[in-house]
Amino acid sequence: MSMRVAVVGGGIGGLALGAGLRRSGYEVAVFDRDTDVAATGGYHITLDQRAQSALARLVEPETVRRLLASGSALRLRERDAFWDRRGRLLGHGPDLSGSASIDVDRITLRTLLAEAVGEDLHLGRDVSSVDQQGEPRVMFADGTSVTADLVVGADGAHSLVARHLAAGPTNRPAGIIGFSGRTGRTDLSAVEQQRLGLRSSMAVGPRGAALYIGFLDPVGNAALDAPELRMSVTTGPTYIWGAMFPESAGTDALRELSGTRLQTALLDGFRARGWAEHALEVIARADPASVAAFRFNAASTRAGDLAPWKAGRITALGDAVHATPPTAGMGAGAAIRDAADLLDHLNTATDDTTLTGAIARFETGMRQRGAEVLTLAMKTVRLILATDTTLGAAATTMAAPILAAATRLRR
């Protein structure tokens, strides 16, 4: 059926859907309040084989090639390592030599998808509300509005669209405050370069402190050796780290800080929890301008709790439905898979009745997909929170096998 689709939100999921709809001949418009696709939060994203396969159904093959040429292949990395707060090795993660997963700069992926959406992407459009009085309608802060046959909310954890559908929030704070930054490998001492290696690593200590150190090298570890297609933001071996503390009045106050002040406060927080100075070097030598704070939000891990509304001509996907902490590295990939699945179901619709049925089937699959990634992500969140009340040595010893199976803090 001929269909007009309005997508609210130009993040990864919304742009992936917009690109797929445009490629399939739908009339689509993607609206986002940002005025620049490169002005995006986050640092890098992991895409497993399922996410890459979904993306290949949404965009042209050349876009996939540019993505792979700009992505860092996990198979070329050393095995992940797990440390205690003093930098003592606890164990290693699984062998990655057969992994098809890649890491890619969030800015790179968003830029590629925005190019695929082309003129159907409308930046600087701040959506104020959605409604359905007959046709679904999207209202903007400037007083204008558009109608469509289908409205899809891809507007993230604080989704206006999902809140409208659910008549309330669709997630809540997960209990952890996260902080992230970038540190060039060559900015570290030779000793720390050797300890951390060409791999990602994770350390969990007492009182709920944890530090993930992701390794990203889209040049040396390119998933596709095609330098002429490369457009990665990261141009050399880089550690992109995430620090985590249980949410409290003290840690919540850190969200008001930025730059050097936040960097110093983070170091003080780890030192107060007994972390070795050398294990904090990756934070101490980070680019202060890259250091930022964010709250982890999470939806329910129960599939039946997700998308708690009757299927209709307004729906949502990605974090708008299954807000996922970055502790499993699967949130963005799940949003891309949502987008591909929605497109597949829309292709079966022939009229308004079959459209509603297609949306219902999509939402059923999305609930299962969301519950899967949330269950993995929350295992690590619960482990970190458990160390808030557990003696460090026992907790960190238990951490390695759990984290090896479930953890890569990359979104």
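Reader: Which residues point one way from β16, and which point the other way?

Author: This is a predicted model in which local features need pLDDT of at least 70, side-chain atom pairs count only at pLDDT 80 or more, and totals for chains, interfaces and linings use all residues. Residues are numbered from 1 along each chain as its sequence is written, and side-chain values use heavy atoms, with hydrogens and water left out. Helices (H or I, at least four residues) and strands (E, at least two) are DSSP runs, numbered from the N terminus. From strand β16, one way is taken by T238, I240, G242, M244 and P246, and the other way by Y239, W241, A243 and F245.

Reader: How many residues of strand β16 are buried?

Author: Buried means under 20% relative accessible area, exposed over 50%, and partly exposed in between (1.4 Å probe, protein chains only). By that criterion, strand β16, residues 238-246, is mostly covered. The buried residues of β16 number nine of nine.

Reader: Which residue stands opposite A243 in β16?

Author: Two strands pair if DSSP finds at least two bridges between them. Strand β13 (residues 172-184) runs antiparallel to β16 and is joined to it by nine bridges. The residue opposite A243 is F179.

Reader: Which residue stands opposite W241 in β16?

Author: Strand β15 (residues 210-216) pairs with β16 in the antiparallel sense over seven bridges. Within this pairing, Y212 stands opposite G242. The residue opposite W241 is I213.

Reader: What is the order of the strands in the open sheet of seven?

Author: The pairing in this sheet is mixed. At its edges stand β6 (89-92) and β17 (292-298), each with a single partner strand, so one side of each is left without a neighbour in the sheet. From one strand to the next the twist averages 20 degrees, where axes are lines fitted to C-alpha atoms, for helices over the stretch in contact, and angles run from 0 to 180 degrees between N-to-C directions. The order is β6-β5-β14-β15-β16-β13-β17.

Reader: At what angle does helix α12 run to β13?

Author: Contact means heavy atoms within 4.5 Å. Helix α8 (residues 259-272) lies across β13, β15, β16 and β17 and runs at about 60 degrees to β16. Helix α12 (residues 352-386) lies across β13, β14 (201-204), β15, β16 and β17. Its angle to β13 is about 85 degrees.

Reader: Which residue takes a positive phi in the hairpin of β9 and β10?

Author: Strands β9, β10 and β11 form an open sheet in the order β9-β10-β11, with β9 (127-133) and β11 (145-147) as the edge strands. β9 and β10 pair in the antiparallel sense over six bridges, and V130 stands opposite V138 in β10. One residue lies between these two strands of the hairpin. The residue with the positive phi, near 90 degrees, is G134.

Reader: Which strand supplies the largest share of the lining of the largest cavity?

Author: On a 1 Å grid over the protein atoms alone, a cavity is a set of points where a 1.4 Å probe fits but cannot get out, and lining residues have an atom within 4 Å of a point. One cavity of 30 Å³ or more is found in the whole structure, and α6 (190-196), β14 and β15 each supply at least two residues of the lining of the largest cavity. The largest share, three residues, comes from β14.

Reader: How much space lies in the largest cavity?

Author: Grid points are joined across faces, edges and corners, and a volume is the space filled by probe spheres set on the points. The lining includes W83, D84, R195 and W275. The space in the largest cavity is about 60 Å³.

Reader: How far apart in space are F296 and I176, C-alpha to C-alpha?

Author: F296 has its place in strand β17 and is buried, with a relative accessible area of 1%. In sequence, F296 and I176 are 120 residues apart. In space, C-alpha to C-alpha, their separation is 5.8 Å.

Reader: Which residue in the loop between β17 and β18 has a positive phi although it is not a glycine?

Author: R207, in the loop between β14 and β15, has a positive phi near 60 degrees and counts as partly exposed at 42% relative accessibility. In the loop between β17 and β18 (314-316), the residue with a positive phi of about 45 degrees counts as buried at 3% relative accessibility. That residue is A307.

Conventions. 1 Å grid on protein atoms, 1.4 Å probe; cavity = no way out; pocket = protein on both sides within 12 Å on 5 of 7 lines; lining within 4 Å.
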